[in-house]
Amino acid sequence: MKPVLFLLFFLLLAFSAPSQETLKLEDMYTHGTYAAKGYGPVRWMKDNTGYSTLERNPELGGNDIIRYEAKSGKRSVLVSAEKLIPSGESAPLPIRNYEWSLDNSKLLIFTNTRKVWRYHTRGDYWVLDLASGLLKQLGKSMESSSLMFAKFSPDASRVGYVSKNNIYVDNLESGQTTQITFDGNETIINGTFDWVYEEELSCRDGFRWSPDGERIAYWQSNTKNIGTFYMINNVDSIYSKPLPLPYPKVGTKNSEVKVGVVNANGGDTQWFAIPGDPINNYLARMDFIPNSDEVMIQQLNRRQNSNTVWIGDTKSMELHTIFTDKDDAWLDIHDNIMWLENGEFFTWTSEKDGWLHLYKVSRDGKQWRTITQGNMDVVRINCIDPKGGYVYYIASPDNYTQRYLYRSKIDGNSAPERVSPKHQLGQHAYQISADAKFAIHTFQNATTPNVVSLINLQKHKSIRVLEDNAALANTINTLGLTPKEFIKIDIDQVVLDAWMIKPANFKPEKKYPIIFYVYGEPAGSTVQDAWQGGDLWHHYLGQQGYVVVSIDNRGTKTPRGRDWRKSIYGQIGILAAKDQAAAAKQIFKTYPFIDTEKVGIWGWSGGGQMTMNCLFRYPEIYNSGLAVAFVADQRLYDNIYQERYMGLLEDNEANYIAGSPITHAKKLKGNLMIIHGTADDNVHYQSFERLTNELIKHNKMFDMMSYPMRSHRINERENTTLHLRKTMARYWKRVMNLNK
């Protein structure tokens, strides 16, 4: 071939080859280029033959509430955005959330919302009567955006809600507002909870209507005993402003919490005389038993290894114990209770046989029968269908990184039956109609963005695809990302799950720096065959030339049985760091392309703590670390979380100290960068400053970055997320010497 023709041929090939894009931080964190689309929120209607969802009204700018028939797909407008325009206004109410009354005749709209700590639980509520078309605002006399947890009475004639720590009831016909409690203030909290109950026990909505609508049962918290932690706002005024936060740290006093009952028309509250010191026990759950005057109350002890289940009569205020669940380590609270057979039995979740199973328990607590069976954990209960005779639940007995739907007979006379199709490997989630005939099914895995479908559940057959995220999948495919490889790591005592992302244009004969991503605590898991936003940050690092690996050590929240999860009890930061180090050594032996002179580790929150425990205690393995929003000293964190997994300080102080990074800071030999938000209400900036002080004391050089008035997620205010990720990327590039 002549030189000119050869050059022309080469140019034609170059221009005809498909272009391969690279990940850019701006696209990931500013432009939303790789954002997946969702569907919903969906509400199954009372008849179970259709569901409602929100759709944008292009003319008015708000949302219509649409009904779709499950079988036919027929679309009808239940509530047009036009009906959600308040009198005198020109625009419809923005819908943050919505709920139907039990008979689907009225609609409750949550709008104009504000964050309370992590979630938008405060705002304005409006009620739409579908028959009359009348739209009414609740609590008109209240301060704007001050209402919380509004809900219909059983007959939908009234709505109860909380405002400024007191409970109110609005009569929808008369418009009259009745104040139910009067002692709520900055110390006394009625109908909702303090910070630690919300964060660690998922307690937010703190009152319940009785089945007959005559009474309201509610929690009251007296926070007088809780120590106040002060955050400082230095950026929004010329003078600093202290932000007080009642926050019980390890070993300190809690709120005094009790449960009372009051007439829905007002009057004096009667209180249950629950035995035990209210400061050193937690009233973790309370709800009415259907079609009765009784409530079931769950009382955790301070160590959280004993859960006493009470039944309380809301008329006589008498209490009696059903049973007490116990564990040598800790007990988790599960919201899987359904009353069966006219209230003679209820469902209960327990690990008492070594696996997390659902049980059928008699009302007196004396008869227990296993519903789910086998050496497998029930990850999540999706639907309990008494009429059909089955319970549907998520489990994954064969691959702990994946999730599938199973079902078992409620009578316990069947082996687990897998419902999810075998050809769809990854993670499945379901929103199931109450009669278990239909479901909104979401499928995903590490390379597949969410595919949302409406399915016939009994046949697991797709009726129609609601969102396939095909455009996103195509966009991701143009990036030429190296897929995650799920691997097993044998550290002799146990085999650990892990994943690896190799660098772009990987060549096995080369040596590559490695960055480990770690969490390692009992509250979560990093090794999941799930989309997780594409995990683009770690793919970005892969494109920069790093090998990225994440490992689930013993004690992480995976469905591997009670012994796996509870193995970490009393030794947070100790066992995990040991497992992570052993796994790193095994990886170095297995994969010769790892440059063992360039080994980094990073994590956020508990993962930040684990990062420093590994870096400080195993300097022969790790030479660079990046810790974000970390706990430096476990004694500084909240008592419910830390005492659940570590025991009481008085019983285990030595391991509280040994498992805290600050104890080992003097051993730092490599590179360290620490990052924190100064308004972190979860893991306080105090951890950052105390660790900084300790490193300075021992003349250790390190990098640091503070984000003013950002919380635990460090995502508030303009450009924060992009700046954070650029800071992290620059740090890794420098300490790993990628330019050399």
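Where in the chain does S145 sit, and between which two strands?

**View 1. S145 and its surroundings.** This is a predicted model, and our tour starts with one small serine. S145 belongs to the loop that links β8 (135–137) to β9 (147–152). With a relative accessibility of just 2%, S145 counts as buried. Leaving aside residues up to four places away in sequence, S145 touches N112, R114, R122, G123 and D124.

**View 2. A cis peptide bond at P41.** Most peptide bonds are trans. Here's one that isn't: going from G40 to P41, the bond is cis, and its omega is near 10°. To find P41, look in the loop that runs between α2 (25–29) and β1.

**View 3. A four-stranded open sheet.** Follow the chain onward from that loop and you meet β1, which belongs to an open sheet of 4 strands. The strands line up in the order β1-β2-β3-β4, and their pairing is antiparallel. In general, strands of a sheet pair through backbone hydrogen bonds. Which strands stand at the edges? They are β1 (43–44) and β4 (75–79); each has a single partner strand, so one side of each has no neighbour in the sheet.

**View 4. Zooming in on β2, β3 and β4.** Strand β2 (residues 50–56) and strand β3 (residues 63–69) run antiparallel and are joined by 7 bridges. To get your bearings on this pair, find G50, which stands opposite E69 in β3. Now move across to the other partner of β3: 4 bridges join β3 to β4, again running antiparallel. One of the residues to look for here is I66, whose bridge partner in β4 is V77. Together β3 and β4 make a hairpin, with 5 residues between the two strands. In the turn of that hairpin you'll find G73, which has a positive phi of about 80°.

**View 5. Two residues with a positive phi.** Most residues other than glycine have a negative phi. So what is phi in N342? It is near 55°, a positive value in a residue other than glycine. N342 lies in the loop between β24 (339–340) and β25 (345–350), and this residue is exposed, at a relative accessible area of 83%. Q532 also goes against the general trend, since its phi is near 50°, a positive value in a non-glycine residue. Look for Q532 in the loop between β38 (512–517) and α5 (536–544). Is Q532 buried or exposed? Neither label quite fits: at 41% relative accessibility, Q532 counts as partly exposed.

**View 6. The largest nonpolar core.** This core has 91 residues. F516, I587, Y622 and L691 are the members with the most contacts inside it. Which helix gives the most to this core? That's helix α7 (residues 575–590), with 8 residues. The core also draws at least three residues from each of domain 1 (180–326) and domain 2 (483–736). A second, separate core has 36 residues, including L472, V548, M673 and W732.

**View 7. F516 and its contacts.** Go back to the largest core and pick out F516, one of its residues with the most contacts. Not counting residues up to four places away in sequence, F516 touches V549, I551, A584, I587, F588, V599, G600, I601, W602 and Y622. In that list you can spot I587 and Y622, which also appear among the core's residues with the most contacts.

**View 8. Where domain 1 meets domain 2.** The domain assignment of the protein gives domain 1 (180–326) and domain 2 (483–736). Taken over C-alpha atoms, their centres are 34 Å apart. How many residues are in contact here? There are 25 from domain 1, in contact with 26 from domain 2. About 2,100 Å² is buried between the two domains, with carbon and sulfur atoms giving 53% of that area. On the domain 1 side, look for E200, V250 and R303: they supply 31% of the area that domain 1 buries against domain 2, more than any other three residues.

**View 9. Two spans annotated in UniProt.** An unreviewed UniProt entry places "domain: Dipeptidylpeptidase IV N-terminal" at residues 103–449. That span is 2% helix and 48% strand, and its end C-alpha atoms are 36 Å apart. The UniProt annotation "domain: Peptidase S9 prolyl oligopeptidase catalytic" (unreviewed entry) covers residues 540–737. Here the chain is 45% helix and 17% strand, with 17 Å between the end C-alpha atoms.

Note on methods
Residues are numbered from 1 along each chain as its sequence is written. This is a predicted model: local features need pLDDT of at least 70, side-chain atom pairs count only at pLDDT 80 or more; totals for chains, interfaces and linings use all residues. Side-chain values use heavy atoms; hydrogens and water are left out. A nonpolar core is a set of buried Ala, Val, Leu, Ile, Met, Phe, Trp, Tyr and Cys residues joined through side-chain atoms within 4.5 Å. Buried means under 20% relative accessible area, exposed over 50%, partly exposed in between (1.4 Å probe, protein chains only). Domain bounds come from an automatic or database domain assignment. Contact means heavy atoms within 4.5 Å. Two strands pair if DSSP finds at least two bridges between them. UniProt positions are given in the numbering used here, feature names are shortened, and annotations may be inferred rather than shown by experiment. Buried area is the accessible area (1.4 Å probe) that two parts lose on being put together, summed over both.
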